[in-house]
Amino acid sequence: MEVIIRPTTEQAVNLTARLIADAIKAKPDFKLGLATGATMEAVYADLVKMNKAGEVDFSRVITFNLDEYIGLPPEDPNSYRYYMNHNLFDHINIDKRNTHLPNGMADDETAEGERYESAIRDCGGIDLQLLGIGSDGHIGFNEPISSLASRTRAKALTPATYVQNSIYFNPPESMPKRAFTMGVGTILNSKRIVMLITGAKKAGIAAKAIEGPVTSMVTGSAIQLHPNVVVVLDQAAAAGLTQTEYYNWVFANEPEWAQYR
Ligand code: F6R
C-alpha cells in the first residue's frame, strides 16, 4: 500500500483524478470502478474538466459502480445512477451503454447480484476501483461484519450510514435502508485500488483502515490485503496516521511519484 498525503483537499482530489486519467490514457478500453458520495463529486468535476480539455478520452471506457440503493429508480435524484449521470456521465464523451450500476429496482435480489458479478467478469475485471470510505469504515456499502470474501448482494445499511446519508433525502426518513453493493471480495479482485479520504471527520476511520488490524468491523481495512493500493488523503484526514514521515518520504523520493509532485 502507498499512502499519499496532500496539503489540501483540492490537491488530494486532483491527484486522484490524475491517477485515473493517466491510467485511461495508457489503456483506452479501461474498466473503471466508480464510487459515489460527497468526496467523489470534486474528482468527477476534475475529470470532466480534463475530458473537455481533451486530456482524457472516455469513448472506450467501461464503468462499474460499487452500489445502488434498493427501491430507487434511475430517475430518482437520490439514486446513484442519477448521481453518476449528473456528476460525470452527462458531461464526458462516454457511451452510457458502457456504464453499469446495480439495478435498484430488480425483483430478484440474488439474481441481480449474480448478473452484476457476471457483467464484471465478462469484460475481464475492473482495472482500477475508486473507493471512498464511510464513517463506519464501509467501502461500497459493505457495512461492519460484511464478509471479506463477499460478492455483489443486497445489504442492510447501518444506523451510522443512515446518519451519514439521510441528510440528502427529503424527508430524511425516505432514505432506503438497503442497497446492492459489490462485495469486499469483488472489490479485492480489481487490479488496482485508489482510495480517496478527505476531511477531519474521516481522520479516525482512515487511521483504522490504513494502519489498524484487518477486520470485517472496518471493511475498509481489507484494502491491506490487496497488492496494488494507493490511498490519497488530505492533511486533515491524515491527522490520525502514525507513519506520516515514511509516507511523505516515499512520495517525495520514489520515481513513480515524480510526475505527481
Ligand atoms: C458510495 C460508496 C461509499 C462512500 C462512503 C463515503 O458509492 O462507495 O462507500 O464512498 O459512504 O461517502 P462520502 O464521500 O459521502 O463521505
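**Exercise 1. Compare the end-to-end span of α2 with the span expected at 1.5 Å a residue.**

Solution. Helix α2 has 15 residues, which should span 21 Å at 1.5 Å a residue. The rule multiplies 1.5 Å by one less than the number of residues. The end C-alpha atoms of α2 lie 22 Å apart, in agreement with that. Helices here are DSSP runs of H or I with at least four residues, strands are E runs of at least two, and both are numbered from the N terminus.

This is a predicted model: local features need pLDDT of at least 70, side-chain atom pairs need 80 or more, and totals for chains, interfaces and linings use all residues. Residues are numbered from 1 along each chain as its sequence is written, and side-chain values use heavy atoms, without hydrogens and water.

**Exercise 2. Which residues of α2 are buried, and what do they pack against?**

Solution. Start with the cut-offs. Buried means under 20% relative accessible area, exposed means over 50%, and partly exposed lies in between (1.4 Å probe, protein chains only). The buried residues of α2 are T39, M40, V43, Y44, D46, L47, V48, M50 and N51. Next, find their partners. They pack against the helices α1 and α3. They also pack against the strands β2 (31–34), β6 (128–131) and β9 (192–197). Just after α2, G54 takes a positive phi of about 75°.

**Exercise 3. Describe how α1 (residues 9–26) meets α2 (residues 38–52).**

Solution. First, check α1 itself. Its 18 residues reach 26 Å from first C-alpha to last, close to the 26 Å expected. Its buried residues include V13, T16, A17, I20 and A21.

Now the geometry. The two axes come within 9 Å and cross at roughly 50°. Axes are lines fitted to C-alpha atoms, for helices over the stretch in contact, and angles run from 0 to 180 degrees between N-to-C directions. That angle makes α1 oblique to α2. The classes are: under 35 degrees roughly parallel, over 145 roughly antiparallel, 65 to 115 roughly perpendicular, and the rest oblique.

Last, the residues. V13, N14, T16, A17, R18, I20 and A21 of α1 touch A42, V43, D46, L47 and M50 of α2. Contact means heavy atoms within 4.5 Å. By class, this contact has eight nonpolar, two polar and two charged residues. Nonpolar covers Ala, Val, Leu, Ile, Met, Phe, Trp, Tyr, Cys and Pro; charged covers Asp, Glu, Lys and Arg; the others, Gly among them, are polar.

**Exercise 4. Repeat the analysis for α2 and α3 (residues 80–87).**

Solution. The axes come within 10 Å and cross at roughly 40°. The two helices are therefore oblique to each other. From α2, the residues M40, E41, Y44 and V48 meet Y83, M84 and N87 of α3. The contact divides into five nonpolar, one polar and one charged.

**Exercise 5. Is T161 buried or exposed, and which residues does T161 contact?**

Solution. T161 sits in helix α5 (residues 159–165). Its relative accessible area is 0%, so T161 is buried. Leave aside neighbours within four places in sequence: T161 then contacts D136, H138, F141, E143, S166 and M175.

**Exercise 6. Examine the backbone at I145 and at P171.**

Solution. Begin with the general rule. Most residues other than glycine have a negative phi, and most peptide bonds are trans. I145 has a positive phi near 70°. I145 lies in the loop between β6 and β7 (153–156) and is exposed at 62% relative accessible area. The peptide bond from N170 to P171 is cis, with omega near -5°. P171 belongs to the loop between α5 and β8 (178–181).
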